[in-house]
Amino acid sequence: MKLSIIDQIFLLSTFLSATASPTTTSHVSISVNPKTQFQEIDGFGASQAFQRAEDIFGKYGLPKVNQTLVLNLLYDEDAGAGFTILRNGIGSSNTSTSNLMNSIEPTDPGSPSAKPDYVWDGYNSGQFPLAQQAYSRGLQTLYANAWSAPGYMKTNDDENNGGYLCGVTNEHCSTGNWMQAYANYLVQYVRFYKESGVDVTHLGFLNEPQFAATYAGMLSNGTQAADFIRILAKTIKASKLDVEITCCDGIGWDDQEAMMAGLEAGPDPAINYLDIVTGHGYDSAPTYALSTKKKTWLTEWADLTGDYTPYTFYENGGPGEGMTWANHIQVALRDAGTSAFLYWIGAENSTTNSALINLIDTEVIPSKRFWAFAQFSKFVRPGSRRIQATSSSANVTVSSFENKSGKIATQLLNQLDIEVDVSVQISGVKAGVTVTPYITNNDHDLKALTHIKAGNGGLFKTQIPAKSMVTFVTA
Ligand SMILES: *[C@@H]1O[C@H](CO)[C@@H](O)[C@H](O)[C@H]1NC(C)=O
Ligand SMILES: *[C@@H]1O[C@H](CO)[C@@H](O)[C@H](O)[C@H]1NC(C)=O
Ligand SMILES: *[C@@H]1O[C@H](CO)[C@@H](O)[C@H](O)[C@H]1NC(C)=O
Ligand SMILES: *[C@@H]1O[C@H](CO)[C@@H](O)[C@H](O)[C@H]1NC(C)=O
Ligand SMILES: *[C@@H]1O[C@H](CO)[C@@H](O)[C@H](O)[C@H]1NC(C)=O
Ligand SMILES: *[C@@H]1O[C@H](CO)[C@@H](O)[C@H](O)[C@H]1NC(C)=O
């Protein structure tokens, strides 16, 4: 065997460091095979619902220059994470005070067949101008999602505290069946956006339908969701609008899985009208593929309870740490096969971990969770496909994606507390191709490291520091 200079240097340095401290090195082999392809990626993102869009626009005093900074961090591919998905809340409230999102039909028309009085303020709790700003920076997907129908369409006559849409299986109201009226209403929301120059690409009509929240929300099982999907699909078709249907934003992955049977059932299965199956990560994590051939998206998850850890990539594996989220994203993409991954809030004025970026009065504090997202979103662009990637170590985990121009982005998470030597082999990559590593850990935020040249067979060797994430991007 003839060793290249790089191999010899590598072996020498391995030998030297092994000699110096035998317990602090470990060798890991990574193998990437672009010929074996899996799901297509649609993107990454978050929501600014419940008035959080207004936080970005200075509700709590964020100056203009920092408003631009946040928008660039979230949506600009070069200056930030390049998020391509924004999840809007379709409001069901008759006002937009406090955290409420105002409805486009705030007044009860009296009956399902009465003429609705739709109103459009061109603002939508700050979400409309936010969508414009995001699109101007490269947004590709605007997911409009209703937490609830307006109260007058529901069994409990209230947008809050659960209740069902009047007319779904076993749920009746004295005022009649509001399913068609709700479908018309959702389509009208899309039309208002379209008429104002902004495309809503995806439409969802439930949020966490297993849970009667004190805020806006609506209960449903799979059968009841299916009842409505059939009507919504016909309504969209008749409208000639180009918008895809999602369902059901179950509170956890298991809850969403439990809805699949209802969506698949009957002579006219609702799943045939669905484009994306959506679920959240709260009660159960996305660690396995849902029982569907449709694309799946993880559309909401966050650390809602942990200690504030904006600057911690790794300390003890806490729920808000960067490494924790790097791992959640990698597992969802690799083991659950999701095509998208969305945090709950992108940026908000608070000192909790509910957002990726904390706005504190005038300041902008991107968390390590944000940089963990960016390690994926900046390089795993929409249209990329996940490809086969394996690691010789259970503690240095890997995922890899090939984009439409044949560039490969490979994410390694060194979950060990020692630096490891890695040899990465990407089959099909030619000798001499430049590979750029980007690192995030306690010391760095998406920092570009010195280029590496791939050797024969697409092989290169390098080190990954303890508790770090590195993304290797081929040129
Ligand atoms: C607005 O909605 C709230 C809560 O759903 C309700 O109590 C109130 O009566 C409504 N106000 C009007 C003017 O409809
Ligand atoms: C959903 O609930 C309805 C009404 O209670 C019931 O008839 C139906 O069987 C349920 N569907 C599923 C899939 O559990
Ligand atoms: C903005 O957030 C900071 C940090 O949580 C808080 O101290 C401040 O009071 C907030 N501003 C307003 C106007 O709520
Ligand atoms: C913008 O935020 C940064 C922190 O990210 C802060 O240092 C700076 O002072 C803020 N700019 C203004 C004009 O307040
Ligand atoms: C390595 O990974 C295995 C399997 O996930 C886990 O049980 C073990 O605790 C990890 N070891 C270290 C040192 O992180
Ligand atoms: C593919 O990735 C490279 C490197 O990150 C990037 O420059 C290029 O724009 C990407 N192409 C597509 C189609 O996403």
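These are my notebook entries from a walk through a predicted model.

**Entry 1: the two annotated domains**

I began with the record. UniProt, in an unreviewed entry, marks residues 28-254 as "domain: Endo-beta-1,6-galactanase-like". I looked up the make-up of that stretch and found 28% helix and 18% strand. The C-alpha atoms at the ends of residues 28-254 sit 34 Å apart.

The unreviewed UniProt entry also gives "domain: Glycosyl hydrolase family 30 beta sandwich" for residues 383-472. Here I found 0% helix and 56% strand. The end C-alpha atoms of residues 383-472 are 18 Å apart.

**Entry 2: strand S3 and its partners**

Next I went to strand S3, residues 85-90. How many of its residues are buried? I counted 6 of the 6, so S3 is largely enclosed by the rest of the structure. I then checked which way the side chains go: Ile85, Arg87 and Gly89 point one way, while Leu86, Asn88 and Ile90 point the other way. Both sets are buried, Arg87 and Asn88 included.

Which strands pair with S3? Strand S2 (residues 43-47) runs parallel to S3 and is joined to it by 3 bridges. In that pairing I found Gly45 opposite Ile85 of S3. Strand S4 (residues 141-146) also pairs with S3 in the parallel sense, over 6 bridges. There, Gly89 stands opposite Asn145 in S4.

**Entry 3: the S10–S11 hairpin and ligand 4**

I moved on to strand S10 (residues 355-360), which pairs with S11 in the antiparallel sense over 4 bridges. Leu359 stands opposite Val364 of S11. The hairpin leaves 2 residues between the strands, and I noted that Asp361 takes a positive phi near 55° there.

Val364 came up again when I turned to ligand 4. Which residues surround ligand 4? I listed Pro63, Val65, Asn66, Thr362, Glu363 and Val364. By class, that shell holds 3 nonpolar, 2 polar and 1 charged. I looked for polar contacts and found an N or O atom in the side chain of Asn66 at 2.3 Å from an oxygen atom of ligand 4. Val364 takes part through its backbone, with an N or O atom 2.7 Å from an oxygen atom of ligand 4. On its own ligand 4 has 360 Å² of accessible area, and the protein covers 52% of this. Helix H3 (64-75) and strand S11 (363-366) are the elements that give two or more residues to the shell.

**Entry 4: helix H9**

I then looked at helix H9, residues 368-377. Is H9 mostly covered or mostly open? H9 is mostly covered, with 10 of its 10 residues buried. Among them are the aromatic side chains I had my eye on, Phe370, Trp371, Phe373 and Phe376, as well as Lys368 and Arg369. At the start of H9, I found a side-chain oxygen of Ser367 reaching to within 3.2 Å of the backbone nitrogen of Arg369.

**Entry 5: strand S12**

I picked Ala389, which lies in strand S12 (residues 385-391). Its relative accessibility is 17%, so Ala389 counts as buried, the cut-off being under 20%. How far is Ala389 from Thr410? They are 21 residues apart in sequence, and their C-alpha atoms are 8.3 Å apart in space.

**Entry 6: ligands 5 and 6**

For ligand 5 I found Ala394, Asn395 and Leu416 around it. A polar side-chain atom of Asn395 lies 2.3 Å from an oxygen atom of ligand 5. The protein covers 29% of the 360 Å² of accessible area that ligand 5 has alone.

Around ligand 6 I listed Arg381, Asn403, Lys404, Ser405, Lys407 and Val473. What classes do they fall into? I noted 1 nonpolar, 2 polar and 3 charged residues. Asn403 puts a polar side-chain atom 2.2 Å from an oxygen atom of ligand 6. An N or O atom in the side chain of Ser405 is 2.7 Å from a nitrogen atom of ligand 6. Taken alone, ligand 6 exposes 360 Å², and the protein buries 57% of that.

Terms used: Residues numbered from 1 in each chain as written. Chains lettered and ligands numbered in written order. Predicted model: local features only at pLDDT ≥ 70, side-chain atom pairs only at ≥ 80, totals over all residues. Heavy atoms only, no water. Near = heavy atom within 4 Å. Polar contact = N/O pair within 3.5 Å; in protein donor to acceptor, adjacent residues only side chain to side chain. Areas by Shrake-Rupley, 256 points an atom, 1.4 Å probe, with all protein chains shown as cover. Nonpolar A, V, L, I, M, F, W, Y, C, P; charged D, E, K, R; others polar. UniProt positions renumbered as here; feature names shortened; annotations may be inferred. Buried < 20%, exposed > 50% of the residue type's maximum accessible area, 1.4 Å probe, protein only. Pairing = 2+ DSSP bridges.
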